[in-house]
Amino acid sequence: MEPAFAVLVGLFFAGGIYLMLSRHIIRILLGVVLFGNAVNLLIFTNGRILREVPPVIGEGLDMPVGLVANPLPQALILTAIVISFSFFAFLLVLAYRAYQEIGTDDTDGMRIAEPVDDGLPPMGY
Amino acid sequence: MAATDVMVDKTAAMIAAPVTAADWLVIAPVLLPIMFGALLVMIRHSIRWHALIALGVLAAMIGANVLLLMRVLEVGPVSMTMGSWLPPFGISFTVDALGAAFSLTASVVALLCCASSVRDIDAAGRRYGFYPFLLLMMAGVSGAFLTGDMFNLYVWFEVFLISSFGLLILGSEKPQIDGATKYAVLNLVGTTLFLIATGYLYGTFGTLNMADLAVKAGQMGEVAPLMTLASLYLLAFGMKAAAFPVNFWLPASYHTPPVITGALFGGLLTKVGVYALLRTLVMIFAVERAVLSGVIGWVAVATMLVGALGALAQSDIRRISGFLVISGVGIMLAGIALGSVGGLSGAIFYALHSMLALSALYLLGGLMRQKGGSFSLHTLSGLYLASPLMTALAFIIALAVAGLPLGSGLWPKVMLVRASLEAGAWPLALAILASGFLATIALGRVFILAFWRNGIAGQPRLEAGKVSLTGYGAVSVLVIAILAMGLAPEPFIRVTTAAATGLLDSSAYVHAVFPAGGVQ
Amino acid sequence: MQTLIFRTAAPLLTGLMLLFSVFVLLRGHNEPGGGFTGGLIAASAFAILGIAFGVPAVRRALYFHPMAISGFGLFIAALAGLPSLDLGMPFLTGLWAAPSLFGMTVDLSTVMVFDVGVYLVVVGSITSIALALEDREHD
């Protein structure tokens, strides 16, 4: 199971990085999401992949019965998902605002913050 | 399920020893800003109270940090593991001299920035949430300095990052949105790299506790997975710290928000990246750092020179400051590349100096704007005639940032140059001196044009604006701190040397987390 | 959305989902569920109400600003860690009390307070994002 997941994670990373190389903010954002999900899948694979055994300790027991997946990576993923979700929501709103204000989602056109070329600073007075 | 029905005997997994109130100091610098930040979010409409509460909380944070640093210097690293679970199962907060010194300096900078913001942040900015964002960002920054758990470090990174987004777009001017887009995307990629490394870290070691990691990584020796991990962390934190090939987000964004925000960011955020590099590469992956030291050294040289040359090419004071932040990061990286006590101690001292001096430089830019009406060297002039006091402050700050005598930048540079000559790394020594020289020219030009120059021919004299007293006050306090560091460096060197030895020999750190030898 | 069916069903759906979210929140202590999941369900309830009746109606119904709710959640979550200071235990140690109310034992714990805090943080922040995005659709 793990090799298949490793290949899948690799594909996710490749897709994410390919999209992030685009000039358009919206594609970059989609790339960032794909990239984040690749990481989540990577951590998930780290925590053992098993079928249908939830890592829940039954009533009256103090250990899970049999082999279960490690719940810690899943907790880590949950945290990472929450964070990347809120980041994505923020970035989406920001990109939309940027599109409204600057009038383009092409990063080559987003040079408002760069200094206008007003020549070299004075050499003396 | 009722509490009485629980049959699991948890005593073996719980901490039984009582925790004194003094141990709670470990989390006080994080808990205070979180709770009061939340309170400010709750009372978001009573903006009259925001600045007062924020000032009080930041002052209390300084108090807690001072007590914490004194305690750490007295008894060694202090640790507390949340929820009474035994480490490495519970999340530990572990504070050594390094974390406490960084946290204290950060809270001082934050208080002074907050004090100088009282006049500059208008009602709209307050209603938008400047002060809650400030407090939550400080919670994230302090949390990053004090935590003893890798994943928790990631969470604190995200906490201060998301608050910094809020601060960065405060006001929503066009350039701000443009700068924030670049800042947000690149920093998000950086933290994702951090998360990848942490995922692999957990897969490799099965633990995220830094003390546990330090022991286990030391036992493993030099193997391929650890090299991958160390390189990933170098890239991820290098991005945060704005080290050379991945530094371009900083000058693209730091000049867009109000100068107060620039001062906070330039002073604090890159140093969190440097701190994380010190923690991971020096303490946890010591063997791998030695292998990577050549790479780190060249990155350091490139960062120093790119930063200093960038500062020379700019004519906007805020952008000059941004490039000088980058140049300073290169100097700290030089210490990490060296890895000796002298080098690390110099790097830590330089980081503390840089927090104070670069914030002062940004705040000074704000004062110059208030007085002279512009950030640009093309139009700024005659500030010496308008305000001799500001000129004196600017002089000291320029000395400190360029690393000349009187200012706080001199001693760490001396330590670093000496350490690199001892290690035979003359390119590093040369680059430190060259970048100091270039920074001197860049700042000297600011000084000559903005202060010495007597007005510009054919251009009406700029109306001398009023400069707020709080602004002067904050910069003056920073300058006093810079002078103290420059004139009496011994106590600071003692702290930074303790921090550097604590990083190189982590046994005291490990002992604080696992007093009984621990779960190995 | 102005369809009659949706407008009639939305309040019922919202009420039901809010009730369910509280159930999930309380169930979360020992079984799957908890503050985060519950909070997401409650936030989707408000989002549905927003789609049906518009954002101002939801803001009126909530009375408090979503971010204020979120701040309150963060505040009580942090507060839940404090009682252990008095007992010489580390921050966030779970403490239990079982007072008897009307002949029934009610288990109260600081863990539950923390989870309620998480619930409120999630409800507040996700609702405010959802409302901001819904608001945007109309301009």
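**View 1. R97(A) and E101(A) pair along helix α3 of chain A in this predicted model.** R97(A) is partly exposed, at a relative accessible area of 24%. Its partner E101(A) is partly exposed too, with 29%. The closest N and O atoms of the two residues are 3.3 Å apart, and the pair forms a salt bridge. Both residues belong to helix α3 of chain A. They are 4 residues apart, about one turn of the helix.

**View 2. A salt bridge links R23(A) to D106(A).** The N to O distance between these side chains is 3.6 Å. R23(A) sits in the loop between α1 and α2 of chain A, and D106(A) in the segment after α3, so the pair ties together parts that are 83 residues apart in sequence. Exposure differs across the pair: R23(A) is partly exposed, with a relative accessible area of 44%, whereas D106(A) is buried, at 15%. Over all chains, the structure holds 8 salt bridges.

**View 3. K216(B) and D212(B) form a salt bridge within helix α8 of chain B.** The closest N and O atoms lie 3.7 Å apart. Helix α8 covers residues 210-220 of chain B. The two residues are 4 residues apart there, so about one helical turn separates them. K216(B) is partly exposed, with 23% relative accessible area. D212(B) is buried, with a relative accessible area of 1%. Elsewhere, in chain A, salt bridges that share partners join R23(A), D106(A) and D108(A) into one network.

**View 4. Chain A meets chain B.** Here 45 residues of chain A are in contact with 47 residues of chain B. Together the two chains bury about 3,900 Å², with 77% of this area on carbon and sulfur atoms. On the side of chain A that touches chain B, α1 (2-20), α2 (25-46) and α3 (71-102) of chain A each supply at least two residues. The largest share comes from α3(A), with 15 residues. There are 0 salt bridges across this interface. Residue pairs in polar contact, both at pLDDT 80 or more, number 2.

**View 5. Chain A meets chain C.** The contact draws 8 residues from chain A and 5 residues from chain C. About 600 Å² is buried between the chains, 82% of it on carbon and sulfur atoms. F85(A), V93(A) and Y96(A) supply 44% of the area that chain A buries against chain C, more than any other three residues. The salt bridge count between chain A and chain C is 0. The count of residue pairs in polar contact (both at pLDDT 80 or more) is also 0.

**View 6. S70(C) is a buried residue of helix α4 in chain C.** This helix spans residues 66-79. S70(C) has 8% relative accessibility. A polar atom of its side chain lies 3.5 Å from the backbone oxygen of V121(C). Leaving aside neighbours within four places in sequence, S70(C) is in contact with L120(C), V121(C), G124(C) and S125(C).

**View 7. A nonpolar patch lies on the surface of chain B.** Y384(B), L385(B), I448(B) and W452(B) make up the patch. Their accessible area together is about 420 Å². Helices α15 (383-386) and α18 (426-452) of chain B each give two or more residues to the patch. W452(B) is found in α18. At 43% relative accessibility, W452(B) counts as partly exposed.

Methods
Residues are numbered from 1 along each chain as its sequence is written. Chains are lettered from A and ligands numbered from 1 in the order in which they are written. This is a predicted model: local features need pLDDT of at least 70, side-chain atom pairs count only at pLDDT 80 or more; totals for chains, interfaces and linings use all residues. Side-chain values use heavy atoms; hydrogens and water are left out. Patches are made of residues with over 30% relative accessible area and no salt bridge: like charges are joined within 9 Å, nonpolar side chains (Val, Leu, Ile, Met, Phe, Trp, Tyr) within 5 Å. Accessible areas come from the Shrake-Rupley method with a 1.4 Å probe; for residues, only the protein chains shown count as cover. A salt bridge is a side-chain nitrogen of Lys or Arg within 4 Å of a carboxyl oxygen of Asp or Glu. Buried means under 20% relative accessible area, exposed over 50%, partly exposed in between (1.4 Å probe, protein chains only). Contact means heavy atoms within 4.5 Å. Buried area is the accessible area (1.4 Å probe) that two parts lose on being put together, summed over both. A polar contact is a pair of N or O atoms within 3.5 Å; within protein, one must be able to donate a hydrogen and the other to accept it, and residues adjacent in sequence count only if both atoms are side-chain atoms.
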